[in-house]
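Work through the exercises below with the model open beside you. Try each task before reading its solution.

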Amino acid sequence: QVIHRLDYQAPAFWIATVDLTFDLDPAKTLITAKHAVKRNPAQAHGPLVLLGEELTPLRVLIDGEPVSFRQEGHELIIEAPDRDFELTLRNTCAPEKNTALSGLYTSGGSFFTQCEAEGFRRITYFLDRPDVMAVYTVTLRADKAKYPILLANGNLLEQGDLDGGKHFAKWHDPFPKPSYLFAVVAGDLVAREQRITTRSGKEHLLQVFVRRGDLDKTEHAMNSLIASIIWDEARFNLPLDLERFMVVGVSDFNMGAMENKGLNIFNTSALLASPATATDADFQRIEAIVAHEYFHNWTGNRVTCRDWFQLSLKEGLTVFRDREFSMDMAGSDSARAVQRIQQVRNLRAIQFPEDAGSMAHSVRPDSYTEINNFYTATVYEKGAEVVGMYQTLLGREGFAKGMALYFQRHDGQAVTCDDFAAAMADANPDSPLSTRLEQFKRWYSQPGTPHISARGEYDAAAHRYTLVLSQRNGKATEPQLIPVRMGLVGHEGQALPLQLEGDIEARGTETVLLLEKAEQTFTFINVLVDPTPSLLRGFSAPVLLEDGLSDPELLTLLRFDSDAFNRWEASQRLGLKRILRAVQGGHALQLDHAYLEAMRAVLRHPQLDAAFKAEALRLPDAAYIAEQLEVVDPQAIHASVEAAWDQLAQALRGDWEWAFEAHQVKGGYRPVAEDAGRRALANLALAMLVRESTRTGEPVWPGRAYQQVKDANNMTERFGALAALVNAHAGLADAALSHFHQQFAHEALVVDKWFMLQARAPERDGKVFERAKKLLQHPGFTLKNPNRARSLLVQLCNMNPGAFHRADAGGYVLWAEQVAAMDAINPQLAARLARAMDRWTTLAEPYRGAAQVALQRLAERSSLSNDVREIVTKALEGA
Ligand code: ARG
Ligand code: ZN
């Protein structure tokens, strides 16, 4: 059943308070609910229709009197009186059978919940929609020995012992909230605790709950939480509004984490870190996710979404906020630029293909079948880019004003993306945004990535530079408002002063052009030398830019641009051009002297930071390369990228040796940006050296890498060395893999990495695919744990095109089997894997035909979940 955005209607009833009692038992949990219900006078008279899934109803009372009810599908229909009333419900559910991990489920012998988007209806019958906001009181009753810790949202009112070895805890959350923010946890957990006093002088208790044995991996999460609290107060004036803020880790979880009011629940992979088990990237990701969930307390919880079409209202905004936080935490300008580079690399590798493929949707979708399929890179990452464009158009202060007005108007409400846009514009009446708001809002309604093309012409005699910008978007019709941050760079690298014809004032050396028409001409005057345009600095809009710059111009930007992002972009463009030329020409890639020397110059540069160098020397991702092509031959792309790496390894061999030695970090491990940058470059250098040595048969570097796998004092270096061996298909790879597995067999998150690395290695002669297939039989593999299933299957099918797309269609056959098997256990996870075929229509033969057959086979199965059905149907519609 397809749900449409424009069909939204306010609910016919409101529920003001909810009182829930849980008698927790893994096989059969009893839930008693008392709701204060009233009619919404604005809606037509009718029965009360509650939603419930996988529940057994026991009884329904209105004001204490049993009433009759009927069930139709997932609806519980109750004839309701024409006045306010108290509704009492009793039902049971079966947590230990809940492998979908939505609603109330068990993991490692404890109870957890996940209610976003529609999990609450798997706990009890309810008006399970985000515009119904209630004040919750929750009593948990359970065996005291098995479940010593009993948690729910808000403040603890009471706890004590009961007969029969049981105990109880009663919690109250003073803030009205939608059901998707409800949470309970019960189990044998331990907590790291910290008391803090915030700016207002209020005291708060912060707790991070994990399984016994994991406490030593919670320090980083706690530090990240404290930093997030301080930052949100300082940057946006948004304080912590609760006496107690709890974070809980769980090993079985469908997503990264969940912002339940006062009781955030995290996938352990997004929470636990120690130097011995987590890499720099893990530390960074944990900091960002802890911040993200904490920031939701305002952007999502205090002000929530009216309906699920508005998801980006909270997600795009909160991703924007966690990015700003991460950049502030990173410190230096260069470290900020590296963060931006990583965001854009990720956007291009995941969101761009999504926006061009069968699941393309706008930031605010118009329809969906299964809302869980719309927790996407478009809603999150492109949504964050849209929020970032408000800041670009309004400035930091203007943006902060808009935020203040948004909370002033909407605190405690469930609202829409339009409300956010209006607050931003109304707080800044004189801004370029407020006069162009309707056009700007096309970013919410139009799917697809706009393609911008730029052509510049210099008139030496008149000292004029004319820049023609045009936009087109194959998935949309109306021109969008595109802020193009830019500058002009002279041959010696000087930033040229900018003055637009007709402007009274000069604009310094950097400005933001507003591209609002299909085509627009910008004329700069008093330009004394032939400039190189540096466009879209900092990636000021989520677009594909074709500026037709020549190699010498790109080299000028790479050497001189004052914008670090565009220096990196030049490095990527130089690589991309060469790879595309080889792929399109159907010939072997041969890197030229000029390119190799430019890369050597980056590597040896005396001023650039190591982290930046590691990013600039990395080649573009296969998925982004594929997006530049009409017809995609994944094996041709794979071969070219591999050839490029081989040649970089060979031509810069002496430089890689220098880089490896020069970037060793002395002293103890600290997860700080500067050290992480050095480790990233040393790891890249080691990968290059092992690759080159494996090619030539020299033993020294593979031997050193093997030694590093054994001796490193932190996971970043250990895993970097292991990856170098595995990715190069070095002779020592197998020995290193088994050593590593043995050493970390009891650390589930590290074993996940072990699977991931093998599933993601660059394919060679089908070995990676064969190995991944074997790993499906490994005793440590299971489809029931999402982290483990993802680490093998999503890595192989969605992230490793060179291994997945096979002339014999083996990848697609495996994919179809595994999607079906997973779907019977966990539809959300299966739908994620199903998305490996999003871009099948652009594939060259024989891949395209084989992909279609696999999709059709899967679609023919009668038992598919709504989740997978929607993905597969949309994929086949593209044929
Ligand atoms: N709101 C969560 C976050 O962004 C994501 C939870 C989504 N869960 C789901 N089952 N779709 O942090
Ligand atoms: Zn979120």
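The exercises use a predicted model, and each task is followed by its worked solution.

**Exercise 1. Annotated domains**

Task: For the UniProt domains at residues 19-181, 221-429 and 552-877, state the helix and strand content and the distance between the end C-alpha atoms.

Solution.
- Step 1. UniProt lists "domain: Aminopeptidase N-like N-terminal" for residues 19-181, from an unreviewed entry. Over this span the chain is 0% helix and 56% strand. The end C-alpha atoms are 15 Å apart.
- Step 2. Residues 221-429 carry the UniProt feature "domain: Peptidase M1 membrane alanine aminopeptidase", again from an unreviewed entry. Here the content is 57% helix and 10% strand, with 40 Å between the end C-alpha atoms.
- Step 3. The UniProt annotation "domain: Peptidase M1 alanyl aminopeptidase C-terminal" (unreviewed entry) covers residues 552-877. This span is 71% helix and 0% strand. Its end C-alpha atoms lie 44 Å apart.

**Exercise 2. The shell around ligand 1**

Task: Which residues are closest to ligand 1, and which elements give two or more residues to its shell?

Solution.
- Step 1. Ligand 1 is surrounded by 14 residues. The closest are E116, M255, M258, N372 and Y375.
- Step 2. Two or more residues come from each of β20 (257-258) and α2 (280-295).
- Step 3. Sort the shell by class: five residues are nonpolar, five polar and four charged.
- Step 4. Now look at α2 itself. Of its 16 residues, 14 are buried, so the helix is mostly covered.
- Step 5. Check its length. At 1.5 Å a residue, the 16 residues of α2 should span 22 Å. The end C-alpha atoms are 23 Å apart, which agrees.

**Exercise 3. Cis peptide bonds**

Task: Where do the cis bonds E116-A117 and E845-P846 fall?

Solution.
- Step 1. Recall the background: most peptide bonds are trans.
- Step 2. E116 and A117 are joined by a cis peptide bond with omega of about 0 degrees. A117 is in the loop between β11 (110-114) and β12 (133-143). E116 is also among the closest residues to ligand 1.
- Step 3. The bond between E845 and P846 is cis, with omega of about 5 degrees. P846 is in the loop between α25 (827-834) and α26 (847-860).

**Exercise 4. Positive phi**

Task: Are N526 and F539 buried or exposed, and where do they sit?

Solution.
- Step 1. Most residues other than glycine have a negative phi.
- Step 2. N526 is not a glycine, yet has a positive phi of about 55 degrees. N526 lies in the loop between β29 (519-524) and β30 (532-535). With 14 other C-beta atoms within 10 Å, N526 is partly exposed.
- Step 3. F539, also not a glycine, has a positive phi of about 55 degrees. F539 is in the loop between β30 and β31 (544-546). F539 has 22 other C-beta atoms within 10 Å; the cut-off is 20 or more, so F539 is buried.

**Exercise 5. Three helix problems**

Task: Compare the expected and modelled spans of α14 and α20, then describe how α10 packs with α12.

Solution.
- Step 1. Helix α14 (residues 634-651) has 18 residues and should span 26 Å at 1.5 Å a residue. Its end C-alpha atoms are 26 Å apart, which agrees. Its buried residues include P634, I637, H638 and V641.
- Step 2. Helix α20 (residues 748-760) has 13 residues and an expected span of 18 Å. The end C-alpha atoms are 18 Å apart, in agreement.
- Step 3. Eleven of the 13 residues of α20 are buried. Among them are W754, F755, D752 and R760. The buried residues pack against α18 (715-727), α19 (733-744), α21 (767-775) and α22 (786-797).
- Step 4. Helices α10 (residues 564-585) and α12 (residues 610-617) pack at about 35 degrees, with axes 8 Å apart. A564, W568 and S571 of α10 meet F612, E615 and A616 of α12. By class, this contact has four nonpolar, one polar and one charged residues.

**Exercise 6. A strand end**

Task: Where is D459, and how far is its C-alpha atom from that of V529?

Solution.
- Step 1. D459 belongs to strand β25 (residues 451-459).
- Step 2. D459 has 12 C-beta neighbours inside 10 Å and counts as exposed.
- Step 3. D459 and V529 are 70 residues apart along the chain. Their C-alpha atoms are separated by 9.5 Å.

How values were computed: Residues numbered from 1 in each chain as written. Chains lettered and ligands numbered in written order. Predicted model: local features only at pLDDT ≥ 70, side-chain atom pairs only at ≥ 80, totals over all residues. UniProt positions renumbered as here; feature names shortened; annotations may be inferred. Helix = DSSP H or I, 4+ residues; strand = E, 2+ residues; numbered from the N terminus. Expected span 1.5 Å × (residues − 1). Axes fitted to C-alpha atoms, helices over the stretch in contact; angles between N-to-C directions. Contact = placed C-beta atoms within 7 Å. Nonpolar A, V, L, I, M, F, W, Y, C, P; charged D, E, K, R; others polar. Near = placed C-beta within 6 Å.
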